[in-house]
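Here is a short dialogue on reading aromatic ring pairs in a protein model.

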Amino acid sequence: METLMSYVLPVLLVIGSVVFMEWFATWSHRHIMHGWGWGWHKSHHEPHDHALEKNDLYAVVFAGVAILLFLAGEAWWRPLTWIALGVTIYGFLYFVLHDGLVHQRWPFKYIPRKGYLKRVYQAHRLHHAVKGKDGCVSFGFVYAPPVDKLVRELQEYRNSDASRHGEEPPTTH
């Protein structure tokens, strides 16, 4: 039983950390990046022709957190190592899905035509359908709400008084 738990707990911590990171990334994208942290994130919503953007500093910050968790896990409390691994896996998923698939920051181009990858692609493209930081939809990176729901939210926001006053859309995901 002890051997089983020595594998189960780390696996649960890694999976739980990946799931938590999607929640945290969604929350921080909506409330930090499209809020007081817009100064860095704005570069991601504007056209440019260089490889890096100021928004990439967020990836550096999150990588730094993962590194600190790895160090703390090895020095003081081993479960932090598994949490750090989950954060790192999430960072890899973000890199593949967001930077690679959606924004084509790789040397090859692929646009998905069906399934989950198409939904992620379309949801994040809809996120960028709005000029500026207000009125955006779909703040997650790995989970994407149904596209028809996002289109309705965009239409509702554009038709609302909120859009004329630069307020956030009324949805909560």
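The turns below deal with ring pairs and their surroundings.

Q: What kind of model is this, and how are residues numbered?
A: This is a predicted model, in which local features need pLDDT of at least 70, side-chain atom pairs count only at pLDDT 80 or more, and totals for chains, interfaces and linings use all residues. Residues are numbered from 1 along each chain as its sequence is written, and side-chain values use heavy atoms, without hydrogens and water.

Q: How is a pair of aromatic rings described?
A: The distance of the centres and the angle of the planes describe it. Rings of Phe, Tyr and Trp (its six-membered ring) pair if their centres lie within 6.5 Å; planes under 30 degrees apart are stacked, over 60 edge-to-face, and the rest tilted. This rule gives seven aromatic pairs.

Q: Why is the pair Phe 20 and Phe 24 called stacked, or tilted?
A: The ring centres of Phe 20 and Phe 24 are 6.1 Å apart and the planes are at 15°, so the pair is stacked. Both residues lie in helix H1 (residues 2–36), four residues apart, about one turn of the helix. A helix here is a DSSP run of H or I, at least four residues, numbered from the N terminus.

Q: Is Phe 24 buried, exposed or partly exposed?
A: Phe 24 is partly exposed, at 23% relative accessibility. Buried means under 20% relative accessible area, exposed over 50%, and partly exposed in between (1.4 Å probe, protein chains only).

Q: Which residues form one aromatic cluster?
A: Phe 20, Trp 23, Phe 24, Trp 27 and Phe 62 do.

Notes:
Helices (H or I, at least four residues) and strands (E, at least two) are DSSP runs, numbered from the N terminus.
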